[in-house]
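User: Hi! I'd like to walk through this model with you, one question at a time. Shall we start with strand pairing and then move on to the chain contact?

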There are 2 protein chains.
Amino acid sequence: MLGESIPVGSYAVTFTSRLHEEHVGYAEMVERMDALVAQQPGFLGVHSVRDGLVGITISYWKDEASIAAWRAQAEHLLAQAQGRAQWYVGYTVIVSKVERSYAWPPP
Amino acid sequence: MLGESIPVGSYAVTFTSRLHEEHVGYAEMVERMDALVAQQPGFLGVHSVRDGLVGITISYWKDEASIAAWRAQAEHLLAQAQGRAQWYVGYTVIVSKVERSYAWPPP
């Protein structure tokens, strides 16, 4: 969804993370979560970039209830726990509300 | 600032971009802008990741006035114009207000 603007009033969940050098199984988990999140009610889209061990993923959501439901999704909860136990050195989660957005070139 | 939480009520400016294959001078501009932005009043920090031609940069700001001042900074204006003329296939800018933030492991 690069190049698309994001609806005002929707929510962005920014996840910045650093992986351990050793992160067996991480790519498979990401692939599975990408498939699952796309089925979540209120999911609007995602921007994600990784450069080696450092990544930023921003997911966009219709409302706070949609974010809460995804955070508590059973398989996602397991992935979060496994992430803390095995994969992540550290991460930051930032929930923010979209005030305005524009794309260039204009659509 | 990976692993640090972001103050509630501050603003995030998310810039997602795709470069042309040819982007001579881009890295030098980024280095110059990184140095300039750090001197701007109200600048709180930045998360940035690039993987080849696709990048996400999130800068954090104290308030809307700080964002407006940076957007209109003279050398930054030139970089923006040169970006559209030479470097970017396209980009999205999203301004959002931080509602909550947490880091793991806790500080």
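User: Which residue is the bridge partner of A12(B) in β3(B)?

Analyst: Happy to help, and please keep in mind that this is a predicted model. β1(B) and β3(B) pair in the antiparallel sense, with eight bridges between them. Within β3(B), the residue that partners A12(B) is Y60(B).

User: And which residue in β4(B) stands opposite Y11(B)?

Analyst: Here we turn to the pairing of β1(B) with β4(B), which is antiparallel and has nine bridges. In β4(B), the residue opposite Y11(B) is K97(B).

User: Is β1(B) largely enclosed by the rest of the structure or largely open, and why?

Analyst: Burial here means under 20% relative accessible area. Of the nine residues of β1(B), seven are buried, so the strand counts as largely enclosed by the rest of the structure.

User: Now the contact between the chains. How much area do chain B and chain A bury between them?

Analyst: The contact takes 42 residues from chain B and 42 residues from chain A. Carbon and sulfur atoms account for 61% of the buried area, and the total is about 3,500 Å².

User: Which three residues supply more than any other three of the area that chain B buries against chain A?

Analyst: Together these three supply 21% of the area that chain B buries against chain A. They are R100(B), Y102(B) and W104(B).

User: How many residue pairs are in polar contact between chain B and chain A?

Analyst: Let's take the salt bridges along the way: there are two between chain B and chain A. In a salt bridge at 2.9 Å, N to O, the side chain of R100(A) meets that of E64(B). For polar contacts, with both residues at pLDDT 80 or more, the count of residue pairs is 16.

User: Which element gives the largest share of the side of chain B that touches chain A?

Analyst: Several elements of chain B each supply at least two residues to that side, including β1 (11-19), α2 (64-71) and β4 (88-104). The residues of that side divide into 20 nonpolar, 12 polar and 10 charged. The largest share is 17 residues, and it comes from β4(B).

User: Last one: which residue of chain A stands opposite W104(B)?

Analyst: Strand β4 of chain A, residues 88-104, pairs with β4(B) in the antiparallel sense over 13 bridges. W104(B) is also one of the three residues named above for the area chain B buries against chain A. Opposite W104(B) in β4(B) stands Y91(A).

Notes. Residues are numbered from 1 along each chain as its sequence is written. Chains are lettered from A and ligands numbered from 1 in the order in which they are written. This is a predicted model: local features need pLDDT of at least 70, side-chain atom pairs count only at pLDDT 80 or more; totals for chains, interfaces and linings use all residues. Side-chain values use heavy atoms; hydrogens and water are left out. Contact means heavy atoms within 4.5 Å. Buried area is the accessible area (1.4 Å probe) that two parts lose on being put together, summed over both. A salt bridge is a side-chain nitrogen of Lys or Arg within 4 Å of a carboxyl oxygen of Asp or Glu. A polar contact is a pair of N or O atoms within 3.5 Å; within protein, one must be able to donate a hydrogen and the other to accept it, and residues adjacent in sequence count only if both atoms are side-chain atoms. Helices (H or I, at least four residues) and strands (E, at least two) are DSSP runs, numbered from the N terminus. Ala, Val, Leu, Ile, Met, Phe, Trp, Tyr, Cys and Pro count as nonpolar, Asp, Glu, Lys and Arg as charged, and the others, Gly among them, as polar. Two strands pair if DSSP finds at least two bridges between them. Buried means under 20% relative accessible area, exposed over 50%, partly exposed in between (1.4 Å probe, protein chains only).
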